[in-house]
Structure formats: structure tokens, C-alpha cells
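Open the model in a viewer and keep the selection panel at hand. The stops below go from the DNA strands to the chain pair, then to single elements.

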There are 2 protein chains.
Amino acid sequence: MKLQGIKPIENMTQVDRIEMNLHDYFRNENFLPGDSIPKEIELAEAMGVSRTAMREALTRFKTLGLIESKKNRGMVMTEPDVLQNMNVVMNPRLLNQETMQDFFELRLVIEMGIVDLLFVRKSDDSIKKLEEIVEKEANAKTINESLKLDIEFHSTLYKISGNHTIERFQRILMPVFDYMKNTLHIRSQEQTADYVSHKVLIKILKDGTVEEFRQGMYKHLIQYFEQIK
Amino acid sequence: MKLQGIKPIENMTQVDRIEMNLHDYFRNENFLPGDSIPKEIELAEAMGVSRTAMREALTRFKTLGLIESKKNRGMVMTEPDVLQNMNVVMNPRLLNQETMQDFFELRLVIEMGIVDLLFVRKSDDSIKKLEEIVEKEANAKTINESLKLDIEFHSTLYKISGNHTIERFQRILMPVFDYMKNTLHIRSQEQTADYVSHKVLIKILKDGTVEEFRQGMYKHLIQYFEQIK
DNA sequence: TATTGTAGATATGTACTACATATTAAAATC
DNA sequence: GATTTTAATATGTAGTACATATCTACAATA
């Protein structure tokens, strides 16, 4: 049986073991963000390894955003940014089709699920913001401009959700969603009979119910949902 | 203005620059998963830096899962696992309250949004699986046992969604969700008037509509949704 | 001929040493 | 007492050396 992120101990390198030890050490000693940690040489000596190997293990923690080092000052625990690395790695060129399909669906899932947050946190101000975007859309000259405003509309919805993490997450998913949009041949909105426009969505957001808005959003995204089998 | 994951060039180290160069190099040369890449020394010499510094940059890529090295064999590009690092870093001890609240909400958002997938991909088999879990729940002796079966029920729903990535994502979110569950004082289900049980959810999944199921799910999770303001 | 054994080449992993450099703190100077 | 100098500090970078797992190719053996 093969588990993700786990490698057999027989072909673990010393640095792998150092990393594990450090992990235990940080947890057992209850190091928290802001706490400074012993210097490289001390850690290396305490573990009986070279500074070289210790530094490589520490580099891994730095890459994950669990520690930071300042030249000549030492190292401190940091609060990791859960989404940071995801951003680097979310590259359609590198991911397989199935994974991208999964993220494509996840984007749709979130778009539908976020509705509950929208109705708790919507405000007159934020609705006005949406209306301004729709107005610009009506006057858009080029396709590119329309696309940009479409993205802005949905991004604004994410902002209204009041959930900064979800908002960032959505931005990170965008390259994959875009890629899938171009790969799958998506029908244009005009071809869809009961398409719901941004304008209608706003109206529901203002005066309608959560359920109505969700159904509206489903229809708004119908071309994408048709891809799901 | 401070952007996430970007540091001013004046306090970039050499390794930071090497990392950027490598990034460009991999993209420009169109290296894809499976391709082997030049050896450390060649890269170091080509870039005019020491093997030490080059190795540190390469360690970052290895940590992100973009390349793998086999001792004495060389290095190859790999398909990154987008969620792998997230798992390491998703630690309630290290994250701030706001971020955890965000992920708490994200979990709820996904639980609501996933319903569309469920109705596309449900099967008699999978529904039977849910029924078995509910049966076990009825006979559960301890609270711990009940909790485990509750998790199993929802995990099974994620499986039914047919989206492996979302399923994994949910598992990664669990520690944070659990933490929040204990932090916020959540009412018990029994105190809730129109609580919808697992059993009822199954019935709707079998014979009901997407909208009915989603409303059922909302009521099932009502104690959590009450926390959102 | 087919198999096994051996030798050499290979590239990463680990260790050690040395020094550069930015920052802090202590000491010296006025 | 305020300013300048000096010294100590810990990470960043460089260079060298060697260990080691794996592959290749060739040699030895049956």
C-alpha cells in the first residue's frame, strides 16, 4: 500500500530523519509563531549532524513557511501561510487532467456553497459595487474587456463573502479554471436558453432568497455544470 | 503595499535569485514531469554560483514537490501534489483565529456546494454504504464511537462526490474544523428543533431533489452555521 | 551462450572549513 | 552624555573532500 507523502524508512536520507526530529522537537517544546529557535550550529551539534545537513532540513521548514531566518539574527517560528505554496504549484502545465478536473469542480462547488455566506454578509455598499461592474460590462467593447469584468464580478462576490482565505483560494484556482475553460469546449452563454445574467443575480441578491440565488447561480454557471458527469 | 509571498529585491539573498532563475529556466525550457534535469554542478556552474547555494535552491523545489532527486541518479521534474504541503502546515496551534474561522467556513461552503456533485454521481451502492453507517450509529455505545461514525458518514459523502481532491482537502481541513468545534461552544444536535439526521439525509438523497437535500444539509449543519455572522 | 561477478564511472548526500556580511551590543572617545 | 569604534554574533556563500547507491561495461565462469 502506497500512502501519499510517506516514504519507506529504508530509503530515507539523514536529512529526512533530521526533518522528522525537528518536527517533533518543535511540537514537544511547544514552539509558537514568534518564538526564536536555537541557532543552526546548536541544533546540528545537539543532533550530532553537520551544519550542512541541518541547514538543508531547516531550508525545508523555511520553504513551508514554518520558520524564517534573518541574516545574523537567528531564526524564528512563523505562522505559515497555508495557501502560499499552493500558488506556486498550481500550474496547469504540471498537473494531470484528473486533478485539474477536480479543481475545476471545486471552484464550482465553492461558488455554489458560498451563497450562504453572501446572504449573511451582503451590504448595500457591496451590492452597489456589483451594479457598477455590470454597468461597465454593458458598455464593454472587446471580448477581453468583458472577460475581465466577468472575473471582477465573481471576485467581488468572493469579497462579499467576507472570507479572505476563500477569496485568495479562488484566485489561486483561476489558472486551472481558465485552462479547463479553454480545453473543454464550453458553449457560449448566448446559446443557453435559461441563462441567468449578472444583472439578474444582483436582483436576487437584493430581494430574493438564498435558494433562489443558488438556483440562479447554478443557471449562470450552467455551461460549466454541463461538463460534470 | 505589501503582497503575500513577495519580498523586496534589496533584501533578497542569492539563493532567492537562483530560485527565480531556475523557475524561469524550467518554464522556458518547458521541462515537464518525468523530464530529467541537469545535475547540480552543471546548474551551479552555468549560473556562476557555488554548488552549496544551488543545492539550497533545489531543496526548495524538492520541498514543493516540483523535482525529485535520486541519489547518484540525478534529478527529475515531478508532478507536484498541490495538497501535500498544506497538510503539514494546517496546524491549529500555528494558525491565527481568523484563518481558522475562514477554513471552518470553507468546510461548510464545500459541504453545501458538493450537493450538486452528489446528485450526479450517487449510486445504489454508495447509498447502501451510507445506510450501513447510520445503522452502526444507532447502535453506537460511546460518544467517541458516534463521533467516528459521524465523520465516516460525511467522508463517505465526499467519496460519493467522486472528487478525490475535494475528499483529500476535506480530510486536511478536519483538524481545524475539529478545533473550532471545540473552541466555539456548539449546541448539541438534540437542542435543535428542526434538526435533520443522517437518516433523513439519505432518504432525500435517494428520493428527493438537489434543493431539498441542500436545505436538509443546511439544517443538519445548523449549529455550525449559527456561528457565522 | 547465458549467467554471474567485478571494476569503474557517476551524481547526490554529508561533512568540514573558511570567510562575507548585517546587526547588535559593548567599549572607547570626545 | 552623546557619538563613534570596535567586537561579537549567526546566517549566507564558497570550496573541498569523501561516502555511497546505482548503472554500465566488461570479464569470468559454468
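A residue counts as near a strand if its C-beta atom, placed from the backbone, lies within 6 Å of that strand. Keep in mind throughout that this is a predicted model.

**Stop 1: DNA strand C**

Select DNA strand C and the residues around it, which number 19. The closest are Q14(A), S50(A), A53(A), N72(A) and K39(B). Now colour by element. Chain A supplies at least two residues from each of α1 (14–28) and α3, and chain B does so from each of α2 (40–47) and β3 (74–77). Which element gives the most to this surface? It is α3(A), with 3 residues. Coloured by class, the surface near DNA strand C shows 5 nonpolar, 8 polar and 6 charged residues.

**Stop 2: DNA strand D**

Move to DNA strand D, which is surrounded by 19 residues. Here the closest are K39(A), Q14(B), S50(B), A53(B) and N72(B). Two or more residues come from each of α2 (40–47) and β3 (74–77) in chain A, and from each of α1 (14–28) and α3 (51–64) in chain B. The element that gives the most is α3(B), with 3 residues. By class, the surface near DNA strand D has 5 nonpolar residues, 8 polar ones and 6 charged ones.

**Stop 3: the two chains**

Hide the DNA and superpose chain A on chain B. A turn of 180° with a shift of 0.0 Å along the axis lays chain A on chain B with an RMSD of 0.1 Å. This is the relation of a two-fold axis. To find the axis from chain A, select G113(A): of the residues of that chain, G113(A) comes closest to the rotation axis, its C-alpha being at 2.0 Å.

Next select the contacts between the chains. How many residues of chain A are in contact with chain B? There are 47, and they meet 47 residues of chain B. On the side of chain A that touches chain B, two or more residues come from each of α3 (51–64), α4 (84–89), α5 (97–113), α6 (115–121) and α9 (164–183) of chain A. Of the elements there, α5(A) gives the most, with 9 residues. This side of chain A divides into 23 nonpolar, 14 polar and 10 charged residues. Because 100% of the interface residues of chain A are also interface residues in chain B, the copies meet through the same surface.

**Stop 4: helix α10 of chain A**

Select residues 198–207 of chain A, which make up helix α10. Within this helix, L201(A), I202(A) and L205(A) are buried. These three cover an arc of only 100° around the axis, so they are on the same side of α10(A). Show what lies against them: the buried residues of α10(A) pack against α6, α7 (124–138) and α11 (210–220) of chain A.

**Stop 5: Y224(A)**

Go on to helix α12 of chain A, residues 222–225, and pick Y224(A). Is Y224(A) buried or exposed? Y224(A) is buried, since 20 other C-beta atoms lie within 10 Å. Leaving aside neighbours within four places in sequence, Y224(A) is in contact with L108(A) and I186(A). Draw a C-alpha to C-alpha distance from Y224(A) to L108(A): it reads 8.0 Å, for residues 116 apart in sequence.

**Stop 6: the sheet of chain B**

Finish in chain B with an open sheet of 3 strands, in the order β1-β3-β2 and with antiparallel pairing. The edge strands are β1 (36–37) and β2 (67–70) of chain B, each of which pairs on one side only. Between β1(B) and β3(B) there are 2 bridges. At this pairing, select I37(B), which stands opposite M75(B) in β3(B).

On the other side, 4 bridges join β2(B) to β3(B). Two places to look are I67(B), opposite M77(B) in β3(B), and E68(B), whose bridge partner in β3(B) is V76(B). The hairpin of β2(B) and β3(B) has 3 residues between the strands, and N72(B) takes a positive phi near 65° in this hairpin. N72(B) was also met at the second stop, among the closest residues to DNA strand D.

Methods: Residues numbered from 1 in each chain as written. Chains lettered and ligands numbered in written order. Predicted model: local features only at pLDDT ≥ 70, side-chain atom pairs only at ≥ 80, totals over all residues. Least-squares fit on C-alpha atoms with pLDDT ≥ 70 in both. Contact = placed C-beta atoms within 7 Å. Nonpolar A, V, L, I, M, F, W, Y, C, P; charged D, E, K, R; others polar. Buried ≥ 20, exposed ≤ 12 C-beta atoms within 10 Å, placed from the backbone. Arc of directions from axis to C-beta. Pairing = 2+ DSSP bridges.
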